[in-house]
Every structure is written in C-alpha cells, then in structure tokens.
Amino acid sequence: MDMIPNNLRYFFAKITKAPSYLDSINDNFLDKLLGHHKIIGWWNGYPVYSSFLVPGLSKPLGNLIAMNLIKNMSGKPIPGIVNIGVTDKCNCKCKHCSFFGAMDKSKNKQPLSKEELKKVIDDCLDLGVTVINFVGGEPLINRDLPELVSYINKNKAVSSIFTNGWFLKEFAKPLKDAGLMQVNVSIDSIKPEVHDKFRGRDGLFKRAIEGIKECQRVGLLTCISTTATQESLKNGEFEKMILFAKQMKVNELIVLDMMSAGMYSHLYTKKEKVDRDLLFKIVQKYNKRKDFPGIFCYARIRDNDLFGCSAGRNYFYISPYGEVNPCDFSCGSVGDIMKIPLKVLWSRLVELRKKKDYFNPNCANCNLCD
C-alpha cells in the first residue's frame, strides 16, 4: 500500500513534471502559430519568439493571458496587436507602398500630435493590446518616436517599429534606451542597386544595413522584412534573402506577399498570386533549422486553414490621422479615435467582420486571407 499522501506526491510531481508540461504547451502552440518554437532573442531577460508575440514568461504575456480569459468569459474579441501610424511623411517612394493614396489625405488632415499619440497608446492598452507596432510613412521621421516608445507601460505591452532604415543608425541607441523590443527593416533585394531603385532612394540599402548593425551593437533585436513574389520563389532570390538574413545575424525574417493596395492597387492581379505551397515549403525548411533566424510568414498565419485574417478579431490599424481601420491594407475607416472612444470603434470592426463587410476591393482581392 502506498503510504505517501496524495498531496505530498502532487507537490513533488509539480516540481519534477511542471517544466516539461509547460514546455510542451509552449512548443506546441508556437509550432502551430509560427511553424517553429525557436527562441530568436531575448528582451529584458525574457525569451522572444517573434516580434508579433509578447516574450515568454513576461508581464505582458501575463496581461495577454488575462485578456484572453476575459475574452472567453465575455465572448467578445479583444485585440492583441495594433499598428499605429506616427507620421504620414516618407523619404522613399516604394513601388509597392500600401500607404500611397492615403498620403493624399494629408492635404486636408493633420497627423496626430505627440500628446494625441500618447492618448492613443493609453486607449490601446486599456482595450487589451499587448503588442504595439509603430509604422508610417517612415516612423523615424517622427522625432518623438523614442519618447512614445518610452511612454508604453512595459508591464502591459511590448513594441517594435517598421522602418526603411534610412535614419536607423542615429535612432538605435535612443530606441534601445526607450525600451523598444525589435526593429523591423524592409529589404526587398540583396542587391543594393535593385533595392534602392525599387524604393526610389539611392544609398538606402547601405544605410539600412548600417542601421541594422548599429541596432545589434546596442542590443536591440533586429529583423528583415521582405516581400515574396512568384518570381523570387522561382528564381531562387527568396531563398537568397533567407541566407542573407542568416549572414546578417538578424533575429527574424518577416515575409509578406504582394497586396492589391496603395501603389499596387491597379498593377496587381490574381494571376500574380504567390504559390503558397511552394512558399510554405521553403519557409518550413529553414524554420526547422536552429542556425537560421525565425521566419514569420504572413500568408501562413492568415491562411484560412490555420487562423485566417486577424483584422477585427485580434488586430487593427490606426492611421497617422487617427482613423481606425481593419488593417494597413484597407483604407476604410470606422471612425476617428479622437472623436469616438476606441472601444466603440473596435466593436464596429468586430461587427463588420461578422458581416464580411470590409469597405473596399482590397479585402475582396486579399490573397493573404482568401
């Protein structure tokens, strides 16, 4: 007869079994979501798996879990991620710019001020957001960006920026000191002349690489963000970008595919859709390797066989003018955050998602979500 009391056996079981139990939950979740469970880097002593996820074991993760419990109890979606446009200005003219067209509004509307952006951050945190991405235009044109990063309550959320890298070298240390988690730098080709021509700015590739290296020197996590095309999949350029990311020792590679938005609204057609099976196969090949950066593939995450589109469910976008939109690629606003409470605007997005009413043809043509 077993003479050890059950409560004592359970105590020892917790000590010996809990780590492997928690690791199993963590790894299985990440494998399903990201296609890997590699630790790509560390932020304030906490393991990071992607710039789109809060670090493991951190207070922002605790906040996320608490928000999900509330979501499950209320039956109402709560957003986890927001992209905030902090400026409508840009020093480049990228051929695939999704913000092109929206910039026309700057003739009639002023971008949000620093204090207004701080209120936006507060509203997002109150709503339950745990990951804040700063975008533009080119976000580093806004000289207040380090102060905005610093303003975020680090017990509730983490932050990253998406940048073309032109101003990155001078901003690396201020952003690190402000508590930024990761810098995502857009690189469209490993050939400097091709990249610069595509983005309409001579010398951009060189400055972007210098910026990445400076970020690494000061201790920021770094990422290359790139766009996969059917041509780059077939001619091997996409795999060369993965190898380049490894050579650059970045922590992550973010992969988008072309969208019929902004500059590509009239150029892109369904005939040019990326072969997802081939894309996923290549991504999976390198995500299995521990000596390569983690690869975050938008098309995989938003494929309906996995999670589907997150707009109005877990994610939304706020333009530099304070307009709340489903995502960066849809220019249909549900209202002005300076005039209408964010919780009301979020509820509008949730309802529109249920109706599958996403404002404009971009959503109907969205090859990430169909």
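Is Lys240 buried, exposed or partly exposed? I looked this up as my opening entry. Lys240 is partly exposed, its relative accessible area being 40%. I note at once that the model is a predicted one.

**Entry 1: surroundings of Lys240**

I located Lys240 in helix α9, a helix that spans residues 237-247. I then examined its position relative to Ile190. The two residues are 50 apart in sequence, and I found their C-alpha atoms 7.7 Å apart in space.

Next I asked which residue forms a salt bridge with Lys240. The partner is Glu237, and the closest N and O atoms of this pair are 3.4 Å apart. The cut-off for a salt bridge is 4 Å, so the pair qualifies. Glu237 and Lys240 are three residues apart in α9, which means that about one helical turn separates them. For Glu237 I recorded a relative accessible area of 22%, which places this residue in the partly exposed class.

**Entry 2: the chain as a whole**

I turned to the totals. I recorded 13 helices and 11 strands in the protein chain. The chain has 370 residues, and 53% of them are buried. I also looked up the contacts between residues at least 6 apart in sequence; 72% of these join residues at least 24 apart.

**Entry 3: salt bridges**

Side chains of opposite charge can pair when their charged atoms come close. How many salt bridges does the model contain? I obtained a count of 15.

I inspected two pairs in helix α7, which covers residues 204-218. In one of them, Glu210 forms a salt bridge with Lys206, and the closest N and O atoms are 2.6 Å apart. The two residues are four apart in the helix, about one turn. Glu210 has 30% relative accessibility and therefore counts as partly exposed. Lys206 is exposed, because its relative accessible area of 55% lies over the 50% cut-off.

In the other pair, Arg217 forms a salt bridge with Glu214, with the closest N and O atoms 2.9 Å apart. Arg217 and Glu214 lie three residues apart in α7, again about one turn of the helix. I noted that their accessibility classes are opposite ends of the scale: Arg217 is exposed at 61%, whereas Glu214 is buried at 15%. The latter value is under the 20% cut-off, so Glu214 is classed as buried.

I also found a network of salt bridges that links Lys114, Glu115, Lys118 and Glu147.

**Entry 4: packing of α5 against α7**

How do the axes of α5 and α7 cross? Helix α5 covers residues 168-178, and its axis comes within 8 Å of that of α7. The crossing angle is roughly 25°. The cut-off for roughly parallel is 35 degrees, and the angle is under it, so α5 and α7 are roughly parallel to each other. I recorded the crossing as right-handed.

I then listed the residues in contact. From α5 these are Leu168, Lys169, Ala172, Lys173 and Lys176. They meet Glu210, Gly211, Ile212, Glu214, Cys215 and Val218 in α7. I sorted the contact residues into five nonpolar, one polar and five charged.

Two residues of this contact appear in my salt bridge entry as well. Glu210 meets α5 and forms a salt bridge with Lys206. Glu214 likewise takes part in the contact and forms a salt bridge with Arg217.

Key: Residues are numbered from 1 along each chain as its sequence is written. This is a predicted model: local features need pLDDT of at least 70, side-chain atom pairs count only at pLDDT 80 or more; totals for chains, interfaces and linings use all residues. Side-chain values use heavy atoms; hydrogens and water are left out. A salt bridge is a side-chain nitrogen of Lys or Arg within 4 Å of a carboxyl oxygen of Asp or Glu. Buried means under 20% relative accessible area, exposed over 50%, partly exposed in between (1.4 Å probe, protein chains only). Axes are lines fitted to C-alpha atoms, for helices over the stretch in contact, and angles run from 0 to 180 degrees between N-to-C directions. Angles under 35 degrees count as roughly parallel, over 145 as roughly antiparallel, 65 to 115 as roughly perpendicular and the rest as oblique. A crossing is left-handed if the near helix is turned anticlockwise from the far one by less than a right angle, and right-handed if clockwise. Contact means heavy atoms within 4.5 Å. Ala, Val, Leu, Ile, Met, Phe, Trp, Tyr, Cys and Pro count as nonpolar, Asp, Glu, Lys and Arg as charged, and the others, Gly among them, as polar.
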